[in-house]
Amino acid sequence: MAAGEEQQQAHRPGLYKQKNKQHKHGKHRTKGEIERENKGRVAVVALSKKQRRELKKMDRRHKANQLRRNKKDMVLTEKRRLGSRDGPPHLVVVISLHADVDAGAVTQILKGGGIGGVLHEDQGVRGAQDSFGLVLPRFKQRFTFYRSDTAELHSLLDMAKVADSLVFVLESTEGWDSYGDYCLSCLFAQGLPSHALVCQGIADLAVKKRTESRRALSRLAEARFPDARLFPLDSEQDAVLLLRHLGSQKQRRLAFRSRRSHMLVQSASYSPNSTQDGSGEPPTGLGTLRVSGYVRGCPLQVNRLVHIAGYGDFQLSQISAPTDPLPIITSTPHPAKPIRGGDVEMMDGGPEGEERVLMKADPSQRESLQAEAEVDPMDGEQTWPTESELQEAEEARKNKKVMKVPKGTSDYQATWIVDDDDEEYGDDEEDDVDSCDDDDDDADETMEDDVENESQDGDFGKDDGEDDNVDEEDEEQEEMSSTGRVRFDLKYDEAMDEAEEKDGLQRYREARSHEMFPDEVDTPLDVPARTRFQRYRGLKSFRSSPWDPMENLPLNYSRIFQFQNFERTRRRILAEAAAEEEGAMVGWYVTLHIEDVPPSVIESFQAGKPLVVVSLLPHEQKMSVMHVLVKRHPSCTEPIASKEELIFQCGFRRFRASAIFSQHTSGDKHKLERFLRADAPTVVSLYAPITFPTAGVLLFKQRDNGMQDLVATGSLLSCDPRRVVLKRIVLSGHPFKINRRSAVLRYMFFNRDDIMWFKPVELRTKWGRRGHIKDALGTHGHMKCVFDSQLRSQDTVLMNLYKRAYPRWTYDPHVPSPLPWVKNEEPENLHEIDME
C-alpha cells in the first residue's frame, strides 16, 4: 500500500513549467510551420511583373536612354534656335566692372569689318548708346549688342533679366573695383545668365609678363566665376573667338523668365488717346504705346496682361507683324511658317513693308486689370434676430452684472479674464504648482453681444514706447458680465514707503539698462497696463497654443485675394504655360499695341533707358500677402526696422512697399523680428502682386540723396495671407521676498487691477523657472507668485504677451530711378565686403 501510494503521488509538471529557448538555427520557417501559424488563412495573390507592367532590365535601360536622348535633343534645339533664323537674335550685354575700363572700346572692336559680319547700326535698341545688330553669315547667327551703364543700376538689372549672355569687361590687374563687386552681388542674387569674361590691355604688356598677368587675373576671377573662361580682346581675331564662344556656349536657364514671354523693346511709338465717345470730355492723359521687338521665353498671347518694368500692368489690343529688321540672308529661303492656333500666316514682311495684324484681343477672354477685391461694407452683417433669440437675450440681460473692460476686447480674448470674488486667497507657501488654474473660475462667462471687435493692425516701425500708445478715445470702457467685486488689502499698504519704492524702481531700471533683453517693454506708470497692452494676450505655449488666423483681420485683408491651395495652383498654371502653343511664337519680330499707357514710358525710352515688356501668368496682377525669404547683405550695416519702406526687385517687377520681418520656422506661428537680422535668414511679408515662384528678390533702401543701397537678397517663398506673425513683448519683474515655493514680485505692475487682469498668463524666469500669479498684495503692484522650484535672488521673472502683426499697405509700382553713381560716392560700406 505504501508503494502504491507513492506511485499515485508522483510529481506532475505545474503551470509554471520551465521552457527553454529554441535554438536559433538561422533558417526560414518551413511550409508546415507557416500553414500552422496561418491557421487556414489564404495570403493575397501576388501580382506578376507582367500584371504590374514592369519592364525588363534591357527595356528599362532603353527607356532611360530614350528619355536622356530626348532631353538632350530638346536642349540642343533650343540652343541652335537662339540667334538663328527661326529664333530671336542672341542678345549680348556688355558690362564694365571697373571704373578705369572702357566698355565702348569692346563694342568698337566687335563692329570691325574684319570679323566678316554684316553690321546694322540702326537695328539695335533705338536711343541706347552702342547698341547695334550683327549678322554672321558663316556662323548662320545674328547678334544684338547693348552696352549697359553700370551707374544706372535699374537699367543694368533690367537688361540682365532679358539678356542671353553677359560680357564682363575686367581690368588687367585688379579685375573689378568695389562698385563692380556690388553690381555682381545684385546680378548673382537676381539670376545670372550665361556669361564670358573679357580683358583688354594684356597684348600691350611684355611677352614674358603676358602669361603671368593672365594667370593672376584668372585666379582672381575664380572667386566669382569658377567655370568662366577669360578672353583677351585686343584685335578682331580675338573678337571672332569671343563671338564663336558666345554662340556655342551652354545657355543658363532662368526659371522666372523662361516661363513667361518677354521682350526687349527695340523701337516704340506713342499716340495719346483722343476725346472719348465724342462727349467733349478732356483726354485722360493716357495713350496707346506700340513697341516692337523679338518674342523670347515662350509664346505670347494677346489676351494676357503685360507688365512694363517699373510702370505697372497693362492690356494688349492687338499684335501685328512688321518686317524683320535683322534677317539672315541665305541662298535657299525658308518657307513661311503658319501661326499655331491662328488663320494668319507669319511672313518675314507684309506686302510693300506693311504690318500685318496677327491677332486681336477678345474682350470676352481678355484678362482684367482688377488688382484688388471689391469691398462690400455690408458683408458680414447679421440679419434681424428671431423672437426666440430676442427673448433669450432679454432673459440673459436681466441676470447679468457688468464690469468695465478696455475697448476692443473680443470674446476670444476675454476667455482668460478672471473674476476676483470666487478666488480663494491661501497663505500656504507649500501650495503645489498645479494649482495655477484654480483661480480661473470665470472662463465660461459670456460677454455682451455688442462688444466691438477692433482691428489688430498695429504700428511696428516705431519704438516700443510709442508704437501702441492708446489715445484718449481708446480709453473708453465697455460693459461685460461679471459676478465679482475687487477687495483691497489696505493693511499691507500701511507698512510701505512710496518714496522708497520709487527710488528702488529707478535704481533697478538703471542697472537693468545695461542688459540685453529682447522684446522687453517697460510698464508705464501713468497708464494702466491692461489699457496699454489691451491688444496683447498670453500663450501657454508658443508652439502648440491655438491662434485663429481669421480672427480680427484688418480692413486691408478684404482687398486681397487668397488661394485655397497655392502650391497646387502654381503647379497647374506653370504646367499649362509650358504646354502653351498658341500666340506669337518665340523668335518672331512683332509689334504690341498696349492700351492706356502714361506718356512717361515713352519719355524714358526716348531718354535711352531700356524698356522691358513681360507677359504675366494668370492671377499675377492680383494683390495678396507675399512672403520672401532673404538674407542680409554683408555690405549693409545700419539697422533696417520692420515696416520701413524698401524697394523690391521681384522677378520682372520693381516696386516700393513696407514689409514686416519674421523668423523662418516650421510652426503655424512665427515671431516678429523688429529689425532685419544679420545672422539668420528672415521672412519678409508684404502686400504685393501675386508672383509664382521661383524668382530672385533684391531689397534696396533709398538714401536721402537718391542713391540706393542693397539691403538683402533672397527668393520668393509663398503666397499665404493666413501666415500668423506674432509680435512679442516681455514684461519683467524683480523678486522682493523669496520663500520655498513662492515669492513676492514687484516692478512688473503698479496697481492691483493690472495684476488681476494678467493673472492667468504664465510666468517664466531667466533661469528656467515657471510659475503663475497667486494673489495681489496691496495696491502698488506687489504680487505673490508660485513657481515650480525656489527662485534665486539674482533671477528675473518675465511675462510674454503676443499680438498679431500685419504689414502696411504702401505698395507703389512707380519707382523712381536712382541717381547715377559717381566715383567718389560709392554705396555705403562697400569696403567691408568680403571678397572671399
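Of the 836 residues in the protein chain, 48% count as buried, that is, under 20% relative accessible area with a 1.4 Å probe and protein chains only. The model is predicted: local features need pLDDT of at least 70 and side-chain atom pairs pLDDT 80 or more, while totals for chains, interfaces and linings use all residues. Residues are numbered from 1 along each chain as its sequence is written, and side-chain values use heavy atoms, without hydrogens or water.

Display the whole chain as a cartoon: 16 helices and 35 strands appear. These are DSSP runs numbered from the N terminus, helices being H or I of at least four residues and strands E of at least two.

Next, select residues 103–110, helix α4. Six of its eight residues are buried, so α4 is largely enclosed by the rest of the structure. Colour Ala103, Gly104, Val106, Thr107, Ile109 and Leu110, the buried residues of α4. They pack against several elements, including β1 (90–96), β3 (132–136) and α8 (236–248); contact here means heavy atoms within 4.5 Å. Then add aspartate 102, which caps the N-terminal end of α4, with a side-chain oxygen 3.1 Å from the backbone nitrogen of glycine 104.

Move to residues 645–650, strand β22, where five of six residues are buried. Add residues 653–658: this is β23, antiparallel to β22 and joined to it by six bridges. Strands pair if DSSP finds at least two bridges between them. Leucine 646 faces alanine 657 of β23. In the turn of this hairpin, glycine 651 has a positive phi of about 65 degrees.

Finally, select residues 696–702, strand β27, which is antiparallel to β22 and linked to it by four bridges. Here phenylalanine 648 stands opposite leucine 699.

Definitions and conventions
Buried < 20%, exposed > 50% of the residue type's maximum accessible area, 1.4 Å probe, protein only. Polar contact = N/O pair within 3.5 Å; in protein donor to acceptor, adjacent residues only side chain to side chain.
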